[in-house]
Amino acid sequence: MPPQETAPPQSYSIFKDWDRSFKRWFTSSYKTELKNVHIDHILNGTTCQPISLKEFQFFLQNKEHSAENLDFYFWYLGYKKRFDKLTDDEKAKSPPPKERPTPGVIYNAPKASNQDDKQVAQDVEKNDQLISQQPFREEIDAIALTFFHEDSFKELNVDSYLSRYVTYYSQQTTHPDIFEEVHQHIYNILKTSSFPSFIHHATQNVRYTFWVIQWAGVTFNLFHIPVILYYTYSHHMCRWYRLSLFWFSFFFSTTALSGRSGYCTIRGFANFRQVPLYEFSEYKVERGTVEKFIKNGPMGLPLQEQPDPEQDANKKKKKQKKRSLTEILDPEVLKYGRQMWWHIVIAGIVFSSVVTILGVSITNEYDVPTAPPMPA
């Protein structure tokens with residue numbers, strides 16, 4: 001396994017990382033980062049919901065459609081440990097490959113031989129017998145077909161020379177070194193591509209349907225700002241009537257920033273989230289039932305009219321399960337959420353204060369309205 005990167009922990013504060021928040025609000029290409037979370041933390045299982053290893057697996061399976069990367073990553077770690085526990089005699093049957101994978105090399109090229117056909121056939125038969133006696137031979141053959149065959153639905157997205165290298169040497173030896181370069185390549189993909197996308201997705205506490213509601217609220221509050229200004233100025237009303245601009249400006253700005261960041265301040269204050277729909281499906285399949293996490297019991301099953309202690313206990317378990325699914329448990333996500341909450345609220349207060357001050361300071365309440373023209 002690649003060495004875990006260590007760095008001194010960084011703190012979160014409402015006075016820090018405003019540049020990151022502005023990038024999150026106004027730059028579509030920017031992805032949310034958690035300061036003290038590394039890909040190794042997730043792979044080692046030290047993170048909690050919503051950035052646990054299980055959520056990462058669900059994300060790869062349903063959003064990136066690359067769960068085979070995680071499958072191969074953990075298979076290699078387990079296989080290397082099992083191979084290292086073999087005796088020296090067993091290890092000697094599977095020597096390491098003679099070369100490292102190199103771009104442009106054709107590993108399955110036939111080699112010229114001065115021997116006659118009979119001798120070649122005997123050597124091939126003898127070599128096949130030795131290969132069949134290698135430890136984990138059937139497993140390696142299955143792994144080569146699963147992750148490196150072009151017709152497999154779990155084929156790894158690696159360079160062609162790496163695939164050719166593994167395909168060739170997996171027929172010669174079962175030594176884990178033949179997969180080392182591929183394992184490092186998969187780790188880099190998880191680290192540089194999948195991990196940032198997962199963190200960006202996991203730190204959002206709302207689903208897409210809630211974004212529609214958010215932007216409806218943005219439109220509603222934005223519409224009232226010019227209406228208030230027009231009505232109070234056109235009727236020469238007292239400037240203090242325009243104090244209502246503060247609340248409409250505040251809710252407009254906070255709702256807009258929440259929609260841009262995918263972070264609901266109400267849910268963030270309560271430390272819970274909207275669970276992605278694909279997680280419901282994955283947990284349902286994992287339990288092997290058709291239960292849904294709803295309040296009224298299992299979908300499609302009639303509720304009994306008479307109280308049943310066992311059924312009540314099951315309901316409590318389901319409610320607890322639902323609560324545990326929606327609750328944010330990881331401390332780093334909680335710190336990020338609190339910081340984002342304060343940044344959104346402070347930015348909303350500043351924006352609404354500026355709008356309100358401008359609206360109140362510029363007034364025409366003392367101007368004499370122009371008299372309508374007298375009829376001739």
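These legends describe close-up views of a predicted model.

**View 1. The second largest pocket between two domains.**
This pocket holds about 380 Å³ of space. Its lining counts 20 residues. K63, H201, Q204, V206 and P276 lie nearest the centre of the second largest pocket. Domain 1 (12-32 + 205-283 + 329-363) and domain 2 (38-110 + 122-203) both contribute to the lining, so the second largest pocket lies between them.

**View 2. Helices and residue classes around the second largest pocket.**
Four helices each supply at least two lining residues: helix 3 (53-64), helix 9 (180-202), helix 10 (208-234) and helix 13 (277-287). Helix 9 gives the most, with five residues. By class, the lining of the second largest pocket splits into ten nonpolar, five polar and five charged residues.

**View 3. The largest cavity.**
Rolling a probe the size of a water molecule over the atoms shows where empty space is left. In this model, three cavities of 30 Å³ or more are found. The largest cavity has a volume of about 100 Å³. Among the residues that line the largest cavity are Y12, D17, R20, S21, R24 and Y30. T32, E33, K35, Y336, Q339 and M340 also belong to this lining. Helix 1 (18-26) and helix 15 each supply at least two of the lining residues. The lining of the largest cavity has four nonpolar, three polar and five charged residues.

**View 4. The salt bridge between D71 and K154.**
Side chains of opposite charge can pair when their charged atoms come close. The whole structure contains twelve salt bridges. One of the salt bridges joins D71 to K154. The closest N and O atoms of D71 and K154 are 2.8 Å apart. The pair links distant parts of the chain, with the two positions 83 residues apart in numbering. D71 sits in helix 4 (residues 67-84). K154 sits in the loop between helix 7 (137-147) and helix 8 (160-169).

**View 5. A nonpolar surface patch that includes L358.**
V350, V354 and L358 make this patch. The nonpolar patch covers about 260 Å² of surface. L358 lies in helix 15, which spans residues 331-361. Helix 15 also appears in View 3, where it supplies at least two residues of the lining of the largest cavity.

Notes: Residues numbered from 1 in each chain as written. Predicted model: local features only at pLDDT ≥ 70, side-chain atom pairs only at ≥ 80, totals over all residues. Heavy atoms only, no water. Patch = residues over 30% accessible without salt bridge, like charges linked within 9 Å, V, L, I, M, F, W, Y side chains within 5 Å. Areas by Shrake-Rupley, 256 points an atom, 1.4 Å probe, with all protein chains shown as cover. Salt bridge = Lys/Arg side-chain N within 4 Å of Asp/Glu carboxyl O. 1 Å grid on protein atoms, 1.4 Å probe; cavity = no way out; pocket = protein on both sides within 12 Å on 5 of 7 lines; lining within 4 Å. Points joined across faces, edges and corners; volume = space filled by probe spheres on them. Nonpolar A, V, L, I, M, F, W, Y, C, P; charged D, E, K, R; others polar. Domains from an automatic or database assignment.
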